[in-house]
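Subject: The structure we talked about

Hello,

Here is the structure, with the sequence alongside. Have a look at it first, and then read on for what turned up.

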Amino acid sequence: MDTTYYTGLMLSTYLINVPSSLSWATALFWPFISAGVKRKVKIFTTGYESALKELIPEEYLPKKYGGKAEWKYPEPNSIDWKAYDAEIRRVACKTMEIKNVPIKTGKEFNVKVNVEAGTTLSYFFETDSTSIIFECVANYKKRDSVALIEKWTRKSHLYPESSCVHLYEEAEVILRWTNHGGWGSRKQNLRYGVKTRRIKIPRSDGALGHLRLIQ
């Protein structure tokens with residue numbers, strides 16, 4: 001499946017602060033790398049700040065990497081998860097239209113979104129209990145459907161779910177929630193939000209047989 005559907009979908013990899021002493025290793029294997037991979041992999045010893053800013057907005061890029069964000073690595077066991085969950089909810093309410101939907105036992109609720117090639121689809125949701133199964137499927141125009149997120153059951157209803165999927169081809173994306181009727185479950189309330197944004201992706205030369213991407 002990886003060979004058929006997901007080969008070469010990496011957008012880019014930036015290796016920064018690479019010791020100059022390793023330049024010999026780079027020179028050794030670089031001639032054997034395809035042109036498509038060379039465009040995606042960037043290696044910097046210094047002078048990487050401007051390149052990172054092309055991908056990451058300055059307000060999210062830490063100052064140590066040339067951005068404006070005040071950010072530091074959290075100490076182990078020091079994360080306030082309640083505050084973290086509250087921030088996820090706050091951002092979702094600010095950037096998405098949040099809707100509430102009841103799902104009866106044994107029933108499902110679908111959200112269908114038609115997206116163009118080169119789109120990131122972000123989602124947020126939370127439910128009353130763990131009796132909800134979630135999955136995300138892409139129905140492509142030119143090939144078979146693909147499960148972007150395989151079916152999984154929520155492990156806890158105490159925290160919200162928030163993530164995104166990237167679409168490199170035109171497709172109909174279906175987000176599906178199913179109330180499987182677990183122990184003591186009845187009607188469950190789903191609170192969700194969805195948004196899309198366009199992304200810029202380099203075009204593939206097809207050297208690795210991966211999907212053709214947009215500019």
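The largest pocket has a volume of about 690 Å³; please keep in mind that the model is predicted. Its lining is made up of 23 residues, and those nearest the centre are Y60, S122, C164, K195 and R197. If you want a place to start in the viewer, centre on those five residues. By type, the lining of this pocket splits into 13 nonpolar residues, 6 polar ones and 4 charged ones.

Which parts of the fold supply that lining? At least two residues each come from α4 (49-55), α5, β5, β8 and β10. Helix α5 gives the largest share, with 6 residues. You may wonder how a pocket is found in the first place: rolling a probe the size of a water molecule over the atoms shows where empty space is left.

Several of those elements belong to one sheet, which is worth tracing next. It is an open sheet of 4 strands in the order β3-β10-β5-β8, and the pairing is antiparallel. At its edges are β3 (99-103) and β8 (161-167), each of which pairs on one side only. From one strand to the next the twist averages 30°. Helix α5 (residues 81-95) packs on this sheet and touches β5, β8 and β10, with its direction at about 125° to that of β5.

Inside the sheet, strand β5 (residues 119-127) and strand β10 (residues 188-198) run antiparallel and are joined by 9 bridges. One position to look at is L121, which stands opposite T196 in β10.

There is a second open sheet, also with 4 strands. Its order is β4-β9-β6-β7, and its pairing is antiparallel. The edge strands here are β4 (108-115) and β7, each pairing on one side only. On average, neighbouring strands of this sheet are turned by 10° against each other, direction ignored.

Within that second sheet, is strand β6 (residues 132-140) largely enclosed or largely open? Of its 9 residues, 7 are buried, so the strand is largely enclosed by the rest of the structure. Strand β6 has a partner on either side in the strand order, β9 and β7. With strand β9 (residues 171-179), β6 pairs in the antiparallel sense over 9 bridges. Two of the matched positions are Y140, whose bridge partner in β9 is A171, and N139, whose bridge partner in β9 is E172. With strand β7 (residues 146-153), β6 is again paired in the antiparallel sense, over 5 bridges. The bridge partner of F134 in β7 is W152. β6 and β7 form a hairpin, and 5 residues lie between them.

Two single residues also caught my eye. The first one is E97, in the loop between α5 and β3. Because its relative accessibility is 58%, E97 counts as exposed; the cut-off for that is over 50%. Which residues does E97 contact, leaving aside its neighbours within four places in sequence? They are Y192 and G193. E97 is also 8.2 Å from K195, C-alpha to C-alpha, although the two are 98 residues apart in sequence. You have met K195 already, as one of the residues nearest the centre of the largest pocket.

The other one is N17, in the loop between β1 (13-15) and α2 (23-29). N17 has a positive phi of about 55°, although it is not a glycine. For background, most residues other than glycine have a negative phi. With a relative accessible area of 47%, N17 is partly exposed.

Finally, some totals for the whole protein chain. The secondary structure comes to 5 helices and 10 strands. Of the 215 residues in the chain, 34% are buried. Among the contacts with a separation of 6 or more, 76% are between residues 24 or more positions apart.

Do write back if you would like to go through any of this together.

Best wishes

Terms used. Residues numbered from 1 in each chain as written. Predicted model: local features only at pLDDT ≥ 70, side-chain atom pairs only at ≥ 80, totals over all residues. Heavy atoms only, no water. Buried < 20%, exposed > 50% of the residue type's maximum accessible area, 1.4 Å probe, protein only. Pairing = 2+ DSSP bridges. Axes fitted to C-alpha atoms, helices over the stretch in contact; angles between N-to-C directions. Contact = heavy atoms within 4.5 Å. 1 Å grid on protein atoms, 1.4 Å probe; cavity = no way out; pocket = protein on both sides within 12 Å on 5 of 7 lines; lining within 4 Å. Points joined across faces, edges and corners; volume = space filled by probe spheres on them. Nonpolar A, V, L, I, M, F, W, Y, C, P; charged D, E, K, R; others polar.
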